[in-house]
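Hello,

Here is the structure I said I would pass on. My notes on it follow below.

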Amino acid sequence: MSSEDQSIRGLFSKAESLREELAYSYEPNSPTYQENLEKAIATYVQCLKKAEDFSLFSPNETLEDITSSDIQYMSINYHLAELIQKVFTPDVSDRKAQLLQSRARYELFLKLLDSYDMLSKSDAKLLEAYNEDKQNFSTVSTTDAAARRDIKIKRFREEKELKQKLQHLKQNPKLAEQDDQVVRDLNLTNIAFMVHQTFQSLESLAQELHIISLAPPAPPAGQHARPQDGREDGRDKDGYSERLDGQLGGLRGYSGPILSSDGKPMRPFTLLDTRQTLTKNVFRPDHSLPTMTIDEYLEEEKRRGGIIEGGGPQSEIREEPNEDDLDAADAETMKARAWDEYVEENPKGSGNTLNRG
């Protein structure tokens, strides 16, 4: 084997190892992950350059002309497309450039396979549909719900069979060492599985690019997205506002329906769910808990006038008159005289005279 082939094999093996390490990482936005991601991308780019310099794939060849071990290098652009999508960037314009670059890599991958007639009939039709309308591409283009379901089930079964076949071949590495046809079958099956993943990724890319195209433009350089005093968005000096549009991801100035008649998003929006609220209510009591103590309730009722004080044995206890308080004594005397005069003018039984015979 030539030194060029060995160099390509070494680069590809190193890139595959880096990619597999990234697959087991749970912090895609961490600096370490992004650093390893850049290394993997750079290694795949070097491997791709080697393959192009050595003309491993030529339009004048057929699939039979490619050695079994070289078939794996057809997936370099596919892996690059996958990794480029994982590069973290907070800027919308940078994200759009990444998606377009990733889509171009997927296109190169499919174009290479198509030149060797390695696409199945269904995949070739999908590629044709994609080339006709990249922005609205979908793996299930029909509007018939039953037909869409059948197509999805069919592609799911095909993908499941490819996974099972790959797992069987990878679990028996000795077969590949003894038979070159097993190596060829393994690499071709792996490529076919990547084709399935490619069309799904192209559909996701089309949807994300459409949403990005509807995003509000970034504010000009040197200007804040919102004034410091917050008056422009309807807030007062304390930051309070009765407007609801300011709470939905900063979509001020956008109105109209969120989705079109065919279900496509017309503008950016935020999905709100009650998952956290439901989670909090899982372990709460099934009865209503009190919101105040008994003393607080009685105090509140007393304040509202709902409690009548007086009556009972305590009402018979009269305070001892203060002999030194002449005004109080005179008031008590006048009260007693008024009562005596009332009793004289209204003797007992003089009120009801209607039923007397």
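R19 counts as partly exposed, with a relative accessibility of 23%. Please keep in mind that this is a predicted model. The partner of R19 in a salt bridge is E16, with 3.1 Å between the closest N and O atoms. E16 has a relative accessibility of 17% and counts as buried, because the cut-off for buried is under 20%. Both residues belong to helix α1 (residues 3–23), where a spacing of 3 residues puts about one helical turn between R19 and E16.

A second pair within a helix is R304 and E301, whose side chains form a salt bridge at 3.2 Å, N to O. These two are also 3 residues apart, in helix α10 (residues 294–304), and so about one helical turn separates them. Here R304 is exposed, at 59% relative accessible area, while E301 is buried, at 16%.

Salt bridges with shared partners also link R103, E107 and K134 into one network. Within it, the side chains of E107 and K134 meet at 3.1 Å, N to O. E107 sits in helix α4 (residues 92–115) and K134 in the loop between α5 and α6, so this salt bridge ties together parts that lie 27 residues apart in sequence. Both ends are partly exposed: E107 has a relative accessible area of 25%, and K134 comes to 26%. In total, the structure holds 7 salt bridges.

The loop between α5 (121–132) and α6 (145–170) also contains S138. The S138 side chain makes a polar contact of 3.2 Å with the side chain of E203. Beyond the neighbours within four places in sequence, S138 is in contact with L126 and E203.

As for the chain as a whole, there are 11 helices and 0 strands, so the pattern along the sequence is α-α-α-α-α-α-α-α-α-α-α. The protein chain has 357 residues, and 25% of them count as buried. Its accessible surface is about 26,600 Å², with 50% of that belonging to carbon and sulfur atoms. Among contacts with a separation of 6 or more, 66% are between residues 24 or more positions apart.

Regards

Conventions. Residues are numbered from 1 along each chain as its sequence is written. This is a predicted model: local features need pLDDT of at least 70, side-chain atom pairs count only at pLDDT 80 or more; totals for chains, interfaces and linings use all residues. Side-chain values use heavy atoms; hydrogens and water are left out. Helices (H or I, at least four residues) and strands (E, at least two) are DSSP runs, numbered from the N terminus. A polar contact is a pair of N or O atoms within 3.5 Å; within protein, one must be able to donate a hydrogen and the other to accept it, and residues adjacent in sequence count only if both atoms are side-chain atoms. Contact means heavy atoms within 4.5 Å. Buried means under 20% relative accessible area, exposed over 50%, partly exposed in between (1.4 Å probe, protein chains only). Accessible areas come from the Shrake-Rupley method with a 1.4 Å probe; for residues, only the protein chains shown count as cover. A salt bridge is a side-chain nitrogen of Lys or Arg within 4 Å of a carboxyl oxygen of Asp or Glu.
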